[in-house]
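User: I have a structure open and would like to go through it with you. Can we take it bit by bit?

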Amino acid sequence: MNIVRSEGEIARVWNWASQGIDGGTRYPGMSYEQGLMDMLDWLTGDSDHAPDED
C-alpha cells in the first residue's frame, strides 16, 4: 500500500479525530468499518476528500 499523504496532513486528521473522541463523534450514522475504509481511501489517494473536511 502506498501512502500519498504528508506527515502534516496525517497529523492534522489525527488531531481532528482525537478531538472527536473527546467531544463526541461527528458521524453518528457511520459504522466504524466505513470510517476505516474512508481513511484508507484518503491515505492511499483513492479519495481526495479528507476525513476532516465537511
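User: Start with Asp48. Is Asp48 buried or exposed?

Analyst: Asp48 is exposed, because its relative accessibility is 63% and the cut-off for exposed is over 50%. Keep in mind that this is a predicted model.

User: Which residue forms a salt bridge with Asp48?

Analyst: Arg5 does, and the closest N and O atoms of the pair are 3.4 Å apart. The two come from distant parts of the chain: Arg5 is in the segment before H1, Asp48 is in the segment after H2, and 43 residues separate them.

User: And Arg5, buried or exposed?

Analyst: Arg5 counts as buried because its relative accessibility is 16%, and buried means under 20%.

User: What does Arg5 touch?

Analyst: Leaving out residues up to four places away in sequence, Arg5 touches Ile10, Trp42, Leu43, Gly45, Ser47 and Asp48. With Ser47 there is a polar link: a polar atom of the Arg5 side chain lies 2.9 Å from the backbone oxygen of Ser47.

User: Why would an Arg and an Asp pair up at all?

Analyst: Side chains of opposite charge can pair when their charged atoms come close.

User: OK. How many salt bridges does the count come to?

Analyst: Two. Besides Arg5 with Asp48, the side chains of Arg12 and Asp52 meet in a salt bridge at 2.6 Å, N to O. Arg12 lies in helix H1 and Asp52 in the segment after H2, so this pair ties together parts that are 40 residues apart in sequence.

User: How exposed is Arg12?

Analyst: Arg12 is partly exposed, with a relative accessible area of 38%.

User: What else does Asp52 touch?

Analyst: Asp52 touches Val13 and Trp16 as well as Arg12, not counting residues up to four places away in sequence.

User: Switching topic. Which residues make up the largest nonpolar core?

Analyst: There are five: Val13, Trp16, Trp42, Leu43 and Ala50. H1 and H2 are the elements that give two or more residues to this core. Two of its members, Val13 and Trp16, came up just now as contacts of Asp52.

User: What does Ala50 touch?

Analyst: Ala50 touches Arg12 and Trp42, again not counting residues up to four places away in sequence.

User: Now Thr44. Where is it?

Analyst: Thr44 is in helix H2. Thr44 is buried, because its relative accessible area is 18% and the limit for buried is under 20%.

User: What does the side chain of Thr44 reach?

Analyst: It reaches the backbone oxygen of Leu40 at 2.9 Å. The side chains of Thr44 and Asp46 are also joined by a polar contact of 3.4 Å.

User: And which residues further off in sequence does Thr44 touch?

Analyst: Beyond four places away in sequence, Thr44 touches Met1, Asn2 and Val4. Ile3 is 41 residues from Thr44 in sequence, yet the two are 4.7 Å apart in space, C-alpha to C-alpha.

User: You mentioned Met1. Is Met1 buried or exposed?

Analyst: Met1 counts as exposed, because its relative accessibility is 77%. Met1 sits in the segment before helix H1, which covers 7–23.

User: Last one. Which residues form a nonpolar patch on the surface?

Analyst: Met1, Ile3, Met37 and Leu40 form the patch, and together they have about 430 Å² of accessible area. Leu40 appeared earlier too, since its backbone oxygen is what the Thr44 side chain reaches.

Notes: Residues numbered from 1 in each chain as written. Predicted model: local features only at pLDDT ≥ 70, side-chain atom pairs only at ≥ 80, totals over all residues. Heavy atoms only, no water. Patch = residues over 30% accessible without salt bridge, like charges linked within 9 Å, V, L, I, M, F, W, Y side chains within 5 Å. Areas by Shrake-Rupley, 256 points an atom, 1.4 Å probe, with all protein chains shown as cover. Salt bridge = Lys/Arg side-chain N within 4 Å of Asp/Glu carboxyl O. Helix = DSSP H or I, 4+ residues; strand = E, 2+ residues; numbered from the N terminus. Buried < 20%, exposed > 50% of the residue type's maximum accessible area, 1.4 Å probe, protein only. Contact = heavy atoms within 4.5 Å. Polar contact = N/O pair within 3.5 Å; in protein donor to acceptor, adjacent residues only side chain to side chain. Core = buried A, V, L, I, M, F, W, Y, C linked by side-chain atoms within 4.5 Å.
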